[in-house]
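Work through the exercises below with the structure in view. Each task is followed by a worked solution.

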Amino acid sequence: MAEPGLPPGTGKPVELTSLSQSEARRIALAAQGFDRARSRRPVTRRHVAAVIRRLGLIQLDFVNVLVPSHYLVPFSRLGPYDRALLDDLTYRRRECTEQWAHEASIIPMETWPLLRHRMARYRVRPWGFEKFLDQHADYVRWVLDEVRTRGPLAADSLKQPDGRPRRISAYVPKRDAMAGWLGTVPRVVLETLFGRGTLAVTERGSSLARMYDLAERVIPREHSGREVGREEAERALLVQAARAHGVGTAQDLADYYRMSARDARPRLAELVESGELREVRVERWRELALLHAEAKVPRTVEARALLSPFDPVVWFRPRTARLFGFHYRLEIFVPAEKRLWGYYVLPFLLGDRMAGRVDLKADRQDRRLLVLAAYAERGCDKAEVAEALAAEVRTMATWLGLDEVLVGRKGDLAKALAAAIAG
């Protein structure tokens, strides 16, 4: 094999036609920004913006057991930073915006026109609510007029159609999981107009509710006025997915922006033909892999990071298992007695491997970070993992404004971690 790479933080384009598992992991982690040490200087808005553009998107999730996931993703790469920087980029400076991308996501503003073809065929959620919207087209027009006249609005500031129930459950015969999240008729109408690209999110209110305004008043003209054909847009999204993966299968790349593999494969073939992607074999992968033309393989990766359950490194579970031998699922919706690991469990990345997992909770009232359970992965040195994890947990506690780390007894790493924290 050719020279595998250069020291951390550097590297050269990969020239291999086959890759070992270790090389594939290092390529993937370098693509995600884990090949470089965190800066000792204060993190600036520019650093946060660079993370978003490197990743292409950050999935939104507001579960606040620890901290909303979209704030955790930059922390994993940059270390402690002012979370207001992410809000500033998205809602005030308008360098980023919200849109459906992987799931509900923060995307660079320049990505918005690449998703327009999907907005044009946005499917109303919850399923079956299209009938109501068709029957009450005058109400939909009224909502849009209210936004146009009054400016940014939240769903709570709008009435429901006259004489009709406000809750969605009155209209949806088979309950969709989205029904509980969306809740009301005004919310679904606003979300539909947002999903179709007519409205955009301009702010999050004090309750974190979306504030909607006309897209033309939120998305700069250079982006809102840019027309991109579907095939061109799909190629651009897949190139970004490949850049963020470094190396991945067709299904890996398609999932990044929630494309079907069937739609993605012709575009991927075109990208291979153009030289933007290369086909390679990866040790023990059944499928041929696709390598971004600019992917680099560092000699080593010396990461130390707690990862959100919605971090791009782990969000496509088949890839996580294939790359790291790490089988992971979020157990929030699993009954407590059936959970294997815990409620809000974060993978712990050490070097280029998943070395453990911890169930974390921020006890804001008593200013404590609770480690409810801690586990080491098979084959890892528990003492080494405990020391590294202790340092990262302490860093996280400080970032969240918590004064103390309290480690429970659950898990085979708990005792060693408690000792490392105490030391």
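Buried means under 20% relative accessible area, exposed means over 50%, and partly exposed lies in between. The model used here is predicted.

**Exercise 1.** Find the salt-bridge partner of D352 and decide whether each of the two residues is buried or exposed.

Solution. Step 1: D352 forms a salt bridge with R25, and their closest N and O atoms are 3.8 Å apart. Step 2: D352 sits in the loop between β11 (345–351) and β12 (353–363), while R25 belongs to helix α1 (residues 21–31), so the pair ties together parts 327 residues apart in sequence. Step 3: the relative accessibility of D352 is 15%, so D352 counts as buried. Step 4: R25 has 6% and therefore also counts as buried.

**Exercise 2.** Locate the salt bridge between D263 and R230 and classify both residues by accessibility.

Solution. Step 1: the N to O distance in this salt bridge is 3.3 Å. Step 2: D263 is in helix α14 (residues 261–274) and R230 in helix α12 (residues 230–245), 33 residues apart. Step 3: with 28% relative accessibility, D263 is partly exposed. Step 4: R230, at 36%, is partly exposed. Step 5: both residues belong to a network of salt bridges that also includes E231, E234, R235, R267 and E270.

**Exercise 3.** Describe how helices α2 and α3 are arranged.

Solution. Step 1: the axes of α2 (residues 45–55) and α3 (residues 69–78) come within 10 Å and cross at roughly 105 degrees. Step 2: angles of 65 to 115 degrees count as roughly perpendicular, so this description applies to α2 and α3. Step 3: H47, V48, V51 and L55 of α2 make the contact with V73, P74, R77 and L78 of α3.

Definitions and conventions
Residues numbered from 1 in each chain as written. Predicted model: local features only at pLDDT ≥ 70, side-chain atom pairs only at ≥ 80, totals over all residues. Heavy atoms only, no water. Axes fitted to C-alpha atoms, helices over the stretch in contact; angles between N-to-C directions. Helix = DSSP H or I, 4+ residues; strand = E, 2+ residues; numbered from the N terminus. Parallel < 35°, antiparallel > 145°, perpendicular 65-115°, else oblique. Contact = heavy atoms within 4.5 Å. Salt bridge = Lys/Arg side-chain N within 4 Å of Asp/Glu carboxyl O. Buried < 20%, exposed > 50% of the residue type's maximum accessible area, 1.4 Å probe, protein only.
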